[in-house]
Amino acid sequence: MTFQQIRYIVEIAKHNSISKAASALYVTQPSISKAVRELEADLGITILDRTNKGVLFTKEGTELLFYARMLLEQMESVVYHFNKEKTMDLTKVSISSQHYGFVIEAVANLMDYFAERKYELTIREGKTTDVIDDVYASRSVLGILSLTNLNKSFFERYFISKSLMFTPLASLRQHVFLRREHPLAHLTCITLEQLRDYPYLTYQQDDVLLHFAEEAINVDNIRKLVYLKDRGTMNNLLSNTDGYNLGTGCIVNNYMNSNIISIPLESNSLIQVGLVKRNDVFLSEEILVYIDFLKVALEKSMPKSV
């Protein structure tokens, strides 16, 4: 295994494409393809499945990718050690999260904290499965997600099987997000029955399991469903229609539309927000600083009813 082959593997994973990896590294596509085939022959495994839609890492390929990233980082550390005067110090932070405004507020505060540094931040928002996959594959060092009464026991077993660790930050009562002009906005508590005739806005559609979503509700009982991909669209529809969303109830000033409010849901379900990381990863000083910002942002945005 050569340093060049390791770099090729990591770059392919970054772009999910051999051609894009070749372009990023300023080499030809046949050169990368040949290097990968030679590595597969040396290790006696299949690293990539080549399909009409591109390349996919096999199970063995994903395991190799984990070690390749570690080796590449160690190699770069050696190079940096002997070239300190030639290399500008670059702080890198990569985080994955479900769609939470307090996560983004904490990122903004981290950017201010890094004001005098050269840095590279990667923030990925997605479904629960996306967050877990990012952390497991080391695309992100830290994940922020939530568990509910319905999925907690499953996730605890799932984390163990993936060698992941979940650290709770807060337990919150489930809330309904809706606009100030919504017909139910005058209530102090809302039932699922009262929500029956209103559109339910959710990120849930292509999660693998029903309760991998940020909210705990059986969509089979919902009459009007709107599936969304991003937080911006969610905020726009919540603030301009009679649609609703279920979640933590956290309202983040400046990062959510001011026309959106949250009202407690009449339910015994709690949402536990927390952090997920690999058991074999030690969090850097920069990540610990981010977690401190995250705790402050979460605390500040929590509904008064909690």
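**Group meeting talk: a pocket, a cavity and the chain around them**

Good morning. I begin with the second largest pocket, which is lined by 22 residues; Ile251, Asn253, Ser301, Met302 and Lys304 are the ones that lie nearest its centre. Two elements each give two or more residues to this lining, namely strand S11, residues 260-264, and helix H9, residues 285-301. Of these, S11 gives the most, with 4 residues. The space in this second largest pocket is about 410 Å³.

Before going further, I should state that the model before you is predicted.

Let me now turn to the protein as a whole. Its secondary structure consists of 9 helices and 12 strands. Measured out along the principal axes, the C-alpha trace spans about 65 × 45 × 35 Å. The protein has 306 residues, and buried residues make up 45% of them. The accessible surface comes to about 16,400 Å², and carbon and sulfur atoms account for 51% of that surface.

How are the contacts spread along the sequence? If we take the contacts between residues at least 6 apart in sequence, 74% of them join residues at least 24 apart.

As for charge, there are 33 positive and 36 negative side chains. The centres of these two sets lie 2 Å apart.

Next, the enclosed spaces. How many cavities of 30 Å³ or more does a search of the whole structure find? The search finds 2. The largest cavity has a volume of about 230 Å³. Its lining is made up of 20 residues, and those nearest the centre are His99, Tyr100, Phe177, Asn245 and Met256. Helix H5 (101-113), helix H8 (231-240) and strand S10 (245-247) are the elements that give two or more residues to the lining of this cavity. The largest share, 4 residues, comes from H8.

I now move to individual residues, starting with the N terminus. Met1 is found in the segment before H1. Leaving aside residues up to four places away in sequence, Met1 touches Ile6, Leu39, Leu43, Leu64 and Leu71. Met1 and Asn268, by contrast, are 54 Å apart in space, C-alpha to C-alpha, with their positions 267 residues apart in sequence.

A little further along the chain is Asn16, which lies in the loop between helix H1 (3-15) and helix H2 (18-25). Is Asn16 buried or exposed? Asn16 is exposed, because its relative accessible area is 54% and the exposed class begins over 50%. The backbone at Asn16 also deserves attention, since phi is near 55 degrees there, a positive value in a residue other than glycine. As background, most residues other than glycine have a negative phi.

Asn16 has a partner in space from another part of the chain. Gly54 is 38 residues from Asn16 in sequence, and their C-alpha atoms are 7.3 Å apart. Gly54 belongs to strand S2, residues 54-57. With a relative accessible area of 26%, Gly54 is partly exposed.

A second residue with a positive phi is Ser163, where the angle is likewise near 55 degrees. Ser163 is found in the loop between helix H7 (152-161) and strand S6 (164-173). At 39% relative accessibility, Ser163 counts as partly exposed.

Finally, I come to two tyrosines, Tyr203 and Tyr227. Tyr203 is found in the loop between strand S8 (200-202) and S9. Why is Tyr203 counted as buried? The relative accessible area of Tyr203 is 9%, and buried means under 20%, so Tyr203 falls in the buried class. The C-alpha atoms of Tyr203 and Arg231 are separated by 8.8 Å, while the two residues are 28 residues apart along the chain.

Tyr227 has its place in strand S9, residues 225-227. Tyr227 is partly exposed, at 35% relative accessibility. In sequence, Tyr227 and Thr202 are 25 residues apart; in space, C-alpha to C-alpha, they are 5.2 Å apart.

To close, I return to the two spaces in this predicted model. The second largest pocket takes 4 lining residues from S11, and the largest cavity takes 4 from H8. Thank you for your attention.

Key: Residues numbered from 1 in each chain as written. Predicted model: local features only at pLDDT ≥ 70, side-chain atom pairs only at ≥ 80, totals over all residues. Heavy atoms only, no water. Buried < 20%, exposed > 50% of the residue type's maximum accessible area, 1.4 Å probe, protein only. Contact = heavy atoms within 4.5 Å. Areas by Shrake-Rupley, 256 points an atom, 1.4 Å probe, with all protein chains shown as cover. Lys, Arg positive; Asp, Glu negative; His and termini not counted. Charge placed at Lys NZ, Arg CZ, Asp CG, Glu CD. 1 Å grid on protein atoms, 1.4 Å probe; cavity = no way out; pocket = protein on both sides within 12 Å on 5 of 7 lines; lining within 4 Å. Points joined across faces, edges and corners; volume = space filled by probe spheres on them.
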